[in-house]
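Thanks, everyone. I would like to spend a few minutes on how the chains in this assembly are arranged, and I will put the structure up now.

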Number of protein chains: 4
Amino acid sequence: MTVSHMVVVDLESGEVVEGRLAPSSNLLTHLALYQAFPQIGGVVHTHSRFATAFAQAGRGILPLGTTHADYFYGEIPCTRELTPAEISGAYEIEMGAVIVERFTDLDPKSIPGALVHGHGPFTWGRDATGAVQNAAALEEIACMATLTLSLAPDTPPIGDALLARHYLRKHGPRSYYGQT
Amino acid sequence: MTVSHMVVVDLESGEVVEGRLAPSSNLLTHLALYQAFPQIGGVVHTHSRFATAFAQAGRGILPLGTTHADYFYGEIPCTRELTPAEISGAYEIEMGAVIVERFTDLDPKSIPGALVHGHGPFTWGRDATGAVQNAAALEEIACMATLTLSLAPDTPPIGDALLARHYLRKHGPRSYYGQT
Amino acid sequence: MTVSHMVVVDLESGEVVEGRLAPSSNLLTHLALYQAFPQIGGVVHTHSRFATAFAQAGRGILPLGTTHADYFYGEIPCTRELTPAEISGAYEIEMGAVIVERFTDLDPKSIPGALVHGHGPFTWGRDATGAVQNAAALEEIACMATLTLSLAPDTPPIGDALLARHYLRKHGPRSYYGQT
Amino acid sequence: MTVSHMVVVDLESGEVVEGRLAPSSNLLTHLALYQAFPQIGGVVHTHSRFATAFAQAGRGILPLGTTHADYFYGEIPCTRELTPAEISGAYEIEMGAVIVERFTDLDPKSIPGALVHGHGPFTWGRDATGAVQNAAALEEIACMATLTLSLAPDTPPIGDALLARHYLRKHGPRSYYGQT
């Protein structure tokens, strides 16, 4: 992919502003997320193996360790299934809508990603780089969770204190993790 | 492999038309598929790990997610076992025949691949490139299915509406997926 | 990472002696290990996939084969969970303390690593190179143990004679393994 | 590894004939195999992940598909455990002896490899290249068997007719597999 493959679209209407190709087929899903979560500046969708396996199993990923807590402040949620009517209708818009619906009581800033049931992961971030980093972290977390559950299927999530300590030492005003 | 390793054969008789080496030992299986499925222009056979595991387990791969639906419009079927008589007889021809038999009520255009019981996957396509892409997609789908079943052994296939939406947005006259 | 990213700290106080960046956020865990295990000259912490899965499952790794015995003279232990008070307090120091506590009746020289419950592996060695080698060996051992347990969940550890033979032919005064 | 790391030893006595380093610590195991199986010209020992997992589980690898049958004409056997006396005694010689013992009723030419219980795989071949190829094939076969058993734990071995057809079309006087 080179710059000439990039397409600039209007964030509200989705109309192409610059570029010679069509935008992503999932453009309307991305727009739904940008509109519902105004603090984000990048959205990434992959079919990475382990995260997709959780989406196909219809399961969210519980925080089983501190790697998870370093990036996601709680369960990485899985959406409900779309209804046949939603699927036959404005499918890509509805896919964004079930993600947004799943975040009714969740904070998209501290849980920067979700699994679409039967499909795969979407992640987001402050900018495109952050969204890509979260996609990579999600896949690694999903891999570790799969291995953990193969060793001990009933592994409980880590406690709230450990979850908070790891998330908050990397994120937010009192973070102290890292070398700079 | 270089061009000098390629062998051109007659599509009906299997006789070598050009090239200095012998054709693939599985030539007659390939010819059986070309003859039964006249719309295809390429056949690929691999022993890729995850697809072969399903073949060894004697299990077809149900559509557990949209990655599957993007390439295969339904279960990727597994053939029956060959009989001892078929194995001792014209083995490579019979291997093609059980694939063709398995497609009696299936459309090889929308399900461009099968698993030979106890052996491994064959895929096909409009041309050689398409057949290779389907072989790679099949392996990725088989990997995701293996992971999904390790998380949730009873995962049901996705619904018909989602299967159709994904397959048909990429294939056929009303497809709209992609950037060109 | 280049030399300019390296930071020299005082081994007792942890204060920066040389270098322009902050030391690792887990500095105090490392210092706790250096102080408790005076014979070691290097500590490594990773979130490698398979070792972390055992840590998340809260399970030590039993010696299931000679690969394990070549590097670790017995179970690779998993610590207890930290208490909420330890986590909210001097977390990084307490993480070192639970490792040291776990080694009350173990020899850190012949078992050069541990899993921190819900977190991941720490390994150590005579020097930095040895600690890195032990981290790599631990991950390979954890991978093999995961695969073994998927084939046979009740695999017992190897016997004491085999454990001793392999460990002692590579380590200690009567070692004879290797080409030099 | 370069040529200067290679060591030439006498095939009967094991004494170094040429080279400046010590021979492999497992030299005496290799010699036991060369002496018992006079038709072989190369022995390879690895700790490859999947084959080692079967050895650690104490399980032979049944022929679950044609990939197996292309290289091994039957189960890849696992030895019994060595006794404490064998382990404390001439360990490396005894390791060769249990492999040879396991082949009392097996043909090392058509089954060119074995798993040492709790340790890992040894393979052999007409020459060093053949032994390496068999080591690589064994690892791939072990991987596929692991995946197959995770999908269907009770998968039976393929039938005798399929096993024979695949082995004999690649090996022996009536082989016809391959392009030359």
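Let me begin with chain B and chain C, which do not touch, their nearest C-alpha atoms being 11 Å apart. Chain A and chain D are likewise without any contact, with their closest C-alpha atoms 11 Å apart. Please keep in mind throughout that this is a predicted model.

Where chain C and chain A do meet, the contact draws on 28 residues from chain C and 27 residues from chain A, and together the two chains bury about 2,200 Å², with 55% of that on carbon and sulfur atoms. Across this interface there are 3 salt bridges, including one between the side chains of A:Arg169 and C:Glu92, at 2.6 Å from N to O, and there are also 13 residue pairs in polar contact, both residues at pLDDT 80 or more. On the side of chain C that touches chain A, the elements giving two or more residues are α2 (49–57), α4 (84–88), α5 (91–102) and α6 (128–151) of chain C, and the largest share, 7 residues, comes from α2(C). By type, the residues on that side divide into 12 nonpolar, 13 polar and 3 charged.

How, then, is chain C laid on chain A? A turn of 90° with a shift of 0.0 Å along the axis does it, with an RMSD of 0.0 Å, and the two copies are thus related as by a four-fold rotation axis. The residue of chain C that comes closest to that axis is C:Ser150, its C-alpha at 5.3 Å. Finally, only 4% of the interface residues of chain C are also interface residues in chain A, so the copies meet through different surfaces.

Technical notes. Residues numbered from 1 in each chain as written. Chains lettered and ligands numbered in written order. Predicted model: local features only at pLDDT ≥ 70, side-chain atom pairs only at ≥ 80, totals over all residues. Heavy atoms only, no water. Least-squares fit on C-alpha atoms with pLDDT ≥ 70 in both. Contact = heavy atoms within 4.5 Å. Buried area = accessible area lost by both parts, 1.4 Å probe. Salt bridge = Lys/Arg side-chain N within 4 Å of Asp/Glu carboxyl O. Polar contact = N/O pair within 3.5 Å; in protein donor to acceptor, adjacent residues only side chain to side chain. Helix = DSSP H or I, 4+ residues; strand = E, 2+ residues; numbered from the N terminus. Nonpolar A, V, L, I, M, F, W, Y, C, P; charged D, E, K, R; others polar.
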